[in-house]
Amino acid sequence: MLKTVRSVFLKPGKEESLKRFHPWVFSGAIARVEGEPEEGEVVDVYASDKKFIARGHYQVGSIAVRVLSFTQEPVDHDFWVRRLTVARELRRAMGLIGDPRTNTYRLVHGEGDNLPGLIVDVYDRTAVMQAHSAGMHLDRMEVAAALEEVMGDTIENIYYKSETTLPFKADLVSTENGFLKGGSPENIAMENGLKFHVDWLKGQKTGFFVDQRDNRALLERYAHGRHVLNMFCYTGGFSFYAMRGGAALVHSVDSSSKAIDLTNQNIALNFPGDTRHQAFAEDAFKYLDRMGGQYDLIVLDPPAFAKHRDALRNALRGYTKLNAKAFEKIRPGGILFTFSCSQVVTKQDFRNAVFTAAAQSRRSVRILHQLTQPGDHPVNIYHPEGEYLKGLVLYVE
Ligand code: SAH
């Protein structure tokens, strides 16, 4: 059955960004919508001169259309299979598929894989799928079917986890989390030879912060003999790399006691009985205020301080305040790994915030590495907003 695709007409001149393949249509660019598309329905976008420009998922909200294609190809089973195959081949090219030491990676990164609104993370034999748009939610069963076809028997379970990521305004029936395929409770995955439990049922994001893989591996190289503070540790990712890197002691801190439990479990999984590690459930600012100057390797990986542009100024102040505390306390010759995962904070904004903090401490600070997200979180060159993770590795005299 062929459904008629409804049309969205843009105001004059508003097609420019789409002509440069930017994948979003903002609601303010729309002159009129023909028919009454449902939220999540596939629509065609036309310029004011009635020329076709793009096809994508419609949604009520500031981003009104998320582009799936710049041609009028049908969005059907073959479409999903083609897109997911490209995504899989990219990860294969990176050496992530079939690597005996790493079975955790991001298979689909939204706009970065020309699939706006869709995230898929792979943990060993389980794929965790997350929809950030009404359209991906409506198409979830088709996406899951294509995922089965593309990944074959390497994936036994597909878990759908969108309860907290879907737009609350959309009138969507049933957004419950649950298995779309399989149902195995087996939840131990591996990254660079280190094991960890993934709480895809209740954990943050899809259960693990896959995006810090390369940065954790870099930290391992700096850890030898150091006294490490892993602030905002969540499941303890940076901590178990520091342990393997030969740190003298590792302290993990997170305000969530659940995160602290997960961290302890993961340390026990890799380093049973190792007394170098301790974890504390405490607020970051309180801990940084009361701690002494014992650390010479500090990781600051806070949650996004700014989720929206309006919160930008406060967020930048937050980054400055946080980093200032680390500069104040870190031992001479110390290494600071500092991050921001707020999409609205640019690389330069973040660097300025850290610069201000460094200047306040009056210490000599050098940038050793400038970090970002790994290749399985690719940035679509036409959608620079997709570059969200920023990090600096600093040497503090
Ligand atoms: N570094 C982690 C990811 C960090 S996510 C990794 O590699 O996996 C951010 C973490 O910050 C969350 O676990 C959250 O519980 C914690 N958090 C949020 N606010 C906090 C605060 N004020 N003090 C301490 N931890 C906080």
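The following conversation goes through a predicted model and asks what stands behind the words used for it.

Biologist: What kind of model is this, and how are its residues numbered?

Modeller: This is a predicted model, in which local features need pLDDT of at least 70 and side-chain atom pairs count only at pLDDT 80 or more, while totals for chains, interfaces and linings use all residues. Residues are numbered from 1 along each chain as its sequence is written, and side-chain values use heavy atoms, with hydrogens and water left out.

Biologist: Which residues come nearest to the ligand, and what makes a residue count as near?

Modeller: A residue is near a molecule or strand if one of its heavy atoms lies within 4 Å of it. There are 15 residues around the ligand, of which Arg216, Asp254, Asp283, Ala284 and Asp301 come nearest. The shell divides into seven nonpolar, three polar and five charged residues, where Ala, Val, Leu, Ile, Met, Phe, Trp, Tyr, Cys and Pro count as nonpolar, Asp, Glu, Lys and Arg as charged, and the others, Gly among them, as polar.

Biologist: What makes the pair between Asp301 and the ligand a polar contact?

Modeller: A polar contact is a pair of N or O atoms within 3.5 Å; within protein, one must be able to donate a hydrogen and the other to accept it, and residues adjacent in sequence count only if both atoms are side-chain atoms. A polar side-chain atom of Asp301 lies 2.7 Å from a nitrogen atom of the ligand, so the pair falls within that limit. A nitrogen atom of the ligand is also 2.8 Å from a polar backbone atom of Ala284, and an oxygen atom of the ligand is 2.9 Å from an N or O atom in the side chain of Arg216. Taken alone the ligand exposes 590 Å², of which the protein buries 88%; accessible areas come from the Shrake-Rupley method with a 1.4 Å probe, and for residues only the protein chains shown count as cover.

Biologist: Why is strand β18 described as largely enclosed?

Modeller: Buried means under 20% relative accessible area, exposed over 50%, and partly exposed in between (1.4 Å probe, protein chains only). Seven of the seven residues of β18 (residues 334-340) are buried, so the strand is largely enclosed by the rest of the structure. Gly334, Leu336, Thr338 and Ser340 point one way, whereas Ile335, Phe337 and Phe339 point the other way, and all are buried. In a regular strand the side chains alternate between the two faces of the sheet.

Biologist: How do you know that β17 and β18 pair?

Modeller: Two strands pair if DSSP finds at least two bridges between them, and the strands themselves (E, at least two residues), like the helices (H or I, at least four), are DSSP runs numbered from the N terminus. Strand β17 (residues 297-300) and β18 share four bridges in the parallel sense, so the requirement is met. Phe337 in β18 is the bridge partner of Val299.

Biologist: Which strands pair with β8, and how covered is β8?

Modeller: β8 pairs in the antiparallel sense with strand β7 (residues 104-109) over five bridges, and six bridges join β8 to strand β9 (residues 126-131), again antiparallel. Val108 stands opposite Val120 in β8, while Ile119 stands opposite Gln130 in β9. β8 and β9 form a hairpin with two residues between them, and Asp124 in the turn has a positive phi of about 55 degrees. Six of the six residues of β8 (residues 118-123) are buried, so β8 too is largely enclosed by the rest of the structure.

Biologist: Why do β2 and β3 stand at the edges of their sheet?

Modeller: Six strands form an open sheet in the order β2-β6-β5-β4-β1-β3, with mixed pairing. β2 (24-26) and β3 (30-33) each have a single partner strand, so one side of each is left without a neighbour in the sheet.

Biologist: Why is Lys50 called exposed and Phe232 buried?

Modeller: Lys50, in the loop between β4 and β5, has a relative accessible area of 54% and is therefore exposed. Phe232, in the loop between β14 (227-231) and α6, counts as buried because its relative accessibility is 17%. Each has a positive phi in a residue other than glycine, near 70 degrees for Lys50 and near 65 degrees for Phe232.

Biologist: What makes helix α6 mostly covered?

Modeller: Seven of the eight residues of α6 (residues 237-244) are buried, among them Phe238, Phe240 and Tyr241. Just after α6, Gly246 takes a positive phi of about 90 degrees.
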